[in-house]
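Subject: Handing over a structure

Dear colleague,

I am passing on a structure that I would like you to look through at your own pace. Please open it first, and then read the notes underneath.

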Protein chains: 2
Amino acid sequence: MDAWTEVLQDTGMDPRLGRDTSNCSIARTLEVVGEKWTILILREVWYGSSRFSDFERVLGCPRNLLATRLRMLVEEGILATETYKEPGARSRPKYVITPKGMDLVPAVMGLLQWGDRYRADPEGPAVVARHRECGAHVDVQLRCESGHPVQAKDIESVPGPAFRMRSAG
Amino acid sequence: MDAWTEVLQDTGMDPRLGRDTSNCSIARTLEVVGEKWTILILREVWYGSSRFSDFERVLGCPRNLLATRLRMLVEEGILATETYKEPGARSRPKYVITPKGMDLVPAVMGLLQWGDRYRADPEGPAVVARHRECGAHVDVQLRCESGHPVQAKDIESVPGPAFRMRSAG
DNA sequence: CGTCTGAGTATCTAAAAGTAAACTCAAGTG
DNA sequence: CACTTGAGTTTACTTTTAGATACTCAGACG
């Protein structure tokens, strides 16, 4: 009997299929970064872009969507606005990443890593991430609390504290 | 002078903004898993669902989209079909994850982890990942090749072997 | 005071997603 | 041999996103 079957063994219902899926951190994260362009905007921020025109130019994304996405990322606290001033021009806003935005790096590095492995350009990656201190390549890894590297196949998902079943209907 | 500025110092053009973005592993991964429902389907596979009706029921996703997404995931080699047979019923297809699909776990765990941190249900997560062997909680971490834990802010992105500028136009 | 520029809005069209229900198909059952 | 079931497909309609262009707005400059 697995961890799921233990949960509600009294009902005949499989808890995986009858569970309430409204409390899901994956779905909630996707509400914030799951729209088209959002993750690519963050990519450009990490690569060094900060101005509206930078994003527009390098992404080729429609201006109205860009404005909407940037506004949302600021509202969510993933980006913040500062001002910059080119000599002879007036002050204009620019976008910088916040610590909350930095915490999305592992997720996006995960996407990057998968693409590097399975859909790479024959010449290799166009951009690589490296550790500022030692210059070594950086990647994402699964680790358990005790610090051991873990392979995806050795992970099991189990009901957490907020697990609940869907109400009948 | 940073690693970007070194690349094409002869032109006055900022290589971040003039670069060719068509070779991007993040964008390519999003082509496969960036559509609505796709990542949520994978979530359900990890939680133990495998049948068409399982996904339909637990996700509440339209059948036509579900069929389209499943077909694409199989074409991409992220899921594979096997057959199952309930007693007294004929054989039917089910969907199982492949090693290539397993390699998406770090990316999705990254999303999960961010959601757990910033958009958590007050009661906590509904589902948690744990190491099958030791039972400890599993998370994703950034590490450099030398094995040291790395913080997102200590990473820099630098041009890789396939870096190139957009052709003028 | 007219012009230029970066940072947006506004508006309109096109594509994709959501919703709902009917239809197909093949094997197993009464 | 009609009936059921899981796994889809097809069709029809609505709503939501995406994309392309045109327009606005606030200084700085001449």
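What follows is a description of how the two protein chains meet and of what surrounds the DNA strands.

Please keep in mind that this is a predicted model, in which local features need pLDDT of at least 70 and side-chain atom pairs count only at pLDDT 80 or more, while totals for chains, interfaces and linings use all residues. Residues are numbered from 1 along each chain as its sequence is written, chains are lettered from A and ligands numbered from 1 in the order in which they are written, and side-chain values use heavy atoms, with hydrogens and water left out.

The two protein chains

The size of an interface is often given as the accessible area lost when the parts come together. Between chain B and chain A the buried area (the accessible area, found with a 1.4 Å probe, that two parts lose on being put together, summed over both) is about 8600 Å², and carbon and sulfur atoms give 58% of it. Of the area that chain B buries against chain A, B:I26, B:W114 and B:R119 supply 9%, which is more than any other three residues. In terms of contact (heavy atoms within 4.5 Å), 91 residues of chain B touch 91 residues of chain A.

Across this interface there are 16 salt bridges, each being a side-chain nitrogen of Lys or Arg within 4 Å of a carboxyl oxygen of Asp or Glu. One of them joins the side chains of B:R130 and A:E156, with 2.9 Å from N to O. On the side of chain B that touches chain A, helix α8 (residues 105–118) of chain B gives the largest share, 13 residues; helices (H or I, at least four residues) and strands (E, at least two) are DSSP runs, numbered from the N terminus. That side of chain B divides into 48 nonpolar, 16 polar and 27 charged residues, where Ala, Val, Leu, Ile, Met, Phe, Trp, Tyr, Cys and Pro count as nonpolar, Asp, Glu, Lys and Arg as charged, and the others, Gly among them, as polar.

The chains also pair through strands, which requires that DSSP finds at least two bridges between them: strand β4 (residues 138–144) of chain A and strand β4 (residues 138–144) of chain B run antiparallel over seven bridges. Within this pairing, A:Q141 has B:Q141 as its bridge partner.

DNA strand D

A residue counts as near a strand if one of its heavy atoms lies within 4 Å of it, and 22 residues surround DNA strand D, the closest being A:W37, A:N64, A:R69, B:R63 and B:Y95. An N or O atom in the side chain of A:W37 is 2.6 Å from a phosphate oxygen of DNA strand D, and a polar side-chain atom of B:S53 lies 2.8 Å from a phosphate oxygen of this strand. Of the strand D atoms within 4 Å of the protein, 66% belong to sugar or phosphate and the rest to bases.

DNA strand C

Around DNA strand C there are 22 residues, of which A:R63, A:Y95, B:W37, B:L65 and B:R90 are the closest. A polar side-chain atom of B:R90 lies 2.9 Å from a base nitrogen of DNA strand C, whereas B:G88 places a backbone N or O atom 2.8 Å from a sugar or linking oxygen of the strand. The largest share of the surface near DNA strand C, four residues, comes from α6(A).

With best wishes

Methods: Polar contact = N/O pair within 3.5 Å; in protein donor to acceptor, adjacent residues only side chain to side chain.
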